[in-house]
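Here is a quick tour for anyone about to set up calculations on this chain. Have a look at the model first, then read on.

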Amino acid sequence: MNVELQLPLTRKAFYRRDRRSVRLARQFAQAVLAEWAAPVRADDVQLCVSELATNALLHGVPPGRGFLLLLALHPGGALRVEVHDSGTGDVCVPETSAESERGRGLMLVAALADKWGVDARSPGKTVWCEFAAAR
């Protein structure tokens, strides 16, 4: 019996260590999701892309480097978002107060995405989140 293997659709883009990169990454994600007609919550995906890109710029991208954004749409409709950076450091959801102006990015990702996590790479890390196909 022959089984046809269906690989995910993937798109990636590299961004410099620049504040404008967050907007560009969000626009890239929006365009790719529209091109694929991805059955996911596009607004939630774009917000998570913004948060992961911002965290990469603030905490994971050393001067002179950048980050990679990868989107993968699996055959069942699930979407994986990955942000690869070359910085050191652990990724965690910080405890914040109601008055704090920072520290809510990963809390938003955890609340909006169906799964999220961190994988080590050399150098740096990959912070990812996944969205199940919308029903």
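Is H84 buried or exposed? H84 is buried, because its relative accessible area is 17% and the cut-off for buried is under 20%. Keep in mind that everything here comes from a predicted model.

## The overall layout

Let's step back to the whole chain. It has three helices and five strands, and along the sequence they follow the pattern β-α-α-β-β-α-β-β. Of the 135 residues in the chain, 39% are buried.

How much of the contact map is long-range? Take the contacts between residues at least 6 apart in sequence: 65% of them join residues at least 24 apart.

## The sheet

The five strands make an open sheet, and its order is β1-β2-β3-β5-β4, with antiparallel pairing. At the edges sit β1 (9–16) and β4 (115–120), each of which pairs on one side only. From one strand to the next, the twist averages 15°.

Helix α2 (residues 42–60) packs on this sheet, where it touches β1, β2 (66–73), β3 (79–85) and β5. The direction of α2 makes about 15° with that of β3.

Now for the pairings, strand by strand. Six bridges link β2 and β3 in the antiparallel sense, and one of the matched pairs is L73 with its bridge partner L79 in β3. The hairpin of β2 and β3 has five residues between the strands, and G77 there takes a positive phi near 105°. On the other side, β3 and β5 run antiparallel and are joined by seven bridges, with R80 standing opposite E130 in β5. Finally, β4 pairs with β5 (residues 125–131), again antiparallel, over six bridges. In that pairing, G117 has W128 in β5 as its bridge partner.

## Strand β3, covered on both faces

How many residues of β3 are buried? Seven of its seven residues are, so to speak, under cover: they count as buried. On one side of the strand you find L79, V81, V83 and D85, and on the other R80, E82 and H84, and all of these are buried. Note that charged side chains are on that list too, R80 being one of those buried.

R80 has a ring to look at as well. Its charged end sits over the ring of W128, 4.3 Å from the centre of that ring. That puts two β5 residues in the R80 story: W128 under the charged end, and E130 opposite R80 in the strand pairing.

## H84 and its surroundings

Back to the residue we opened with. H84 is found in strand β3, and its side chain makes polar contacts with two others. One joins H84 to the side chain of E82 at 2.8 Å, and another joins H84 to the side chain of T126 at 3.0 Å.

Which residues does H84 touch, leaving out those up to four places away in sequence? They are G66, F67, L68, L70, R121, K125 and T126. T126 thus turns up both in this contact list and as a polar partner of H84. If you're assigning a protonation state, those polar contacts are listed above for you to look at.

## S86, just past the strand

S86 is found in the loop between β3 and α3 (105–112). Is S86 buried or exposed? S86 counts as buried, because its relative accessibility is 13% and the limit is under 20%.

The side chain of S86 makes a polar contact of 3.1 Å with the side chain of R65. Beyond residues up to four places away in sequence, S86 touches G60, P62, R65, R121, P123 and G124. R121 is a contact of S86 and also one of H84.

## V45 on the helix side

V45 has its place in helix α2, and its relative accessible area is 0%, so V45 is buried. Leaving aside neighbours within four places in sequence, V45 is in contact with L33, V40, L79, V81 and F131. Two of these, L79 and V81, belong to one of the buried sides of β3.

V45 and A29 are 16 residues apart along the chain, and their C-alpha atoms are separated by 7.9 Å.

Key:
Residues numbered from 1 in each chain as written. Predicted model: local features only at pLDDT ≥ 70, side-chain atom pairs only at ≥ 80, totals over all residues. Heavy atoms only, no water. Lys NZ or Arg CZ within 6 Å of the ring centre and 35° of its normal. Pairing = 2+ DSSP bridges. Helix = DSSP H or I, 4+ residues; strand = E, 2+ residues; numbered from the N terminus. Axes fitted to C-alpha atoms, helices over the stretch in contact; angles between N-to-C directions. Contact = heavy atoms within 4.5 Å. Buried < 20%, exposed > 50% of the residue type's maximum accessible area, 1.4 Å probe, protein only. Polar contact = N/O pair within 3.5 Å; in protein donor to acceptor, adjacent residues only side chain to side chain.
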